[in-house]
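Here are some short exercises to work through with the coordinates open. Try each task before reading its solution.

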Amino acid sequence: MPAPISVFVGGTKRKIRNSALNIDDRIGERSVAQFTVVDTPGTSSYLRGQPVNIYDDDRATATGTPIFGGFIDIPEAVVLSPSGALLHEISCIDNHYLADKRIAAKIWSGLTSASMVTELITDYLSGEGITAGTIQTGDTLTRVVANYVPVADVIDAIAGANGFVWFINSNKQLNFMDRTTNTASFSLTASNVLDNPAPRLSKANQLYRNIQWIRGGVDTT
């Protein structure tokens, strides 16, 4: 029997279709969710940017442990019957959306990575309800320029310079840390791997090349 869950859109609990909920939470990537809302009267409508919260219980109020927090990305309505009933197929993006839409214009010199990330939270993201989670110190960087770009791009650059990962969790806490210290909350063993659906593994060879062109320097002739 599937575990109980509750889905809230815009703070209101919605009835979703059985087996229509999927949450994809990947390491080092953004989380996404898909579900289908059953709208028997056919009177509801959904818009991009509406907040979505999913919890690990089936209560009438938004309580329990959050398992996804984010916003509607693509809402699609499908006519279910001549009576006007609708199915709303909803695709969601996670709370990184809040860092995507905020634009940063700053210059830092000789500051630790943690200082810059904390400043971005204070100056740009706190207005979206984002707070600091685990913010590790990282390296001191000589110069970082944010020339009117999304805050998410700035943190990407700072994290890349450190080999760190960063993410905004379901509680709107921004975490910035060495990936080796971001441990899972569970141990993966043969007994807790689902047999159905079976795990999938995709292999790529992105660094392989059989030809490499090296261009020479440029000089006045």
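Two strands count as paired if DSSP finds at least two bridges between them, and helices (H or I, at least four residues) and strands (E, at least two) are DSSP runs numbered from the N terminus. The model is a predicted one, where local features need pLDDT of at least 70, side-chain atom pairs count only at pLDDT 80 or more, and totals for chains, interfaces and linings use all residues. Residues are numbered from 1 along each chain as its sequence is written, and side-chain values use heavy atoms, with hydrogens and water left out.

**Exercise 1.** Find the residues that face N53 of β5 in β1 and in β6.

*Solution.*
- Step 1: start with β1 (residues 6-9), which pairs with β5 (residues 51-55) over 4 bridges, in the antiparallel sense. Opposite N53 you'll find F8.
- Step 2: now go to β6 (residues 66-79), which runs antiparallel to β5 and is joined to it by 5 bridges. Here G69 is the bridge partner of N53.

**Exercise 2.** Count the salt bridges, taking a side-chain nitrogen of Lys or Arg within 4 Å of a carboxyl oxygen of Asp or Glu.

*Solution.* Run that rule and you get 6 salt bridges. The next two exercises pick out some of them.

**Exercise 3.** Work out which acidic side chains K106 bridges to, starting with E119 and going on to D123.

*Solution.*
- Step 1: K106 and E119 form a salt bridge, with their closest N and O atoms 3.0 Å apart. K106 sits in strand β8 and E119 in helix α2, 13 residues apart.
- Step 2: K106 also meets D123 in a salt bridge, at 2.9 Å from N to O. D123 lies in helix α2 and K106 in strand β8, so this pair ties together parts 17 residues apart in sequence.
- Step 3: check accessibility, where buried means under 20% relative accessible area, exposed over 50%, and partly exposed in between (1.4 Å probe, protein chains only). K106 is buried at 18%, while E119 is partly exposed at 27% and D123 is partly exposed at 41%.

**Exercise 4.** Describe the salt bridge between E128 and K101.

*Solution.*
- Step 1: the closest N and O atoms of E128 and K101 are 3.5 Å apart.
- Step 2: E128 is in the loop between α2 (113-125) and β9 (131-135), K101 is in the loop between α1 (97-100) and β8 (103-112), and the two residues are 27 apart.
- Step 3: E128 counts as buried at 15% relative accessibility, whereas K101 is partly exposed at 43%.
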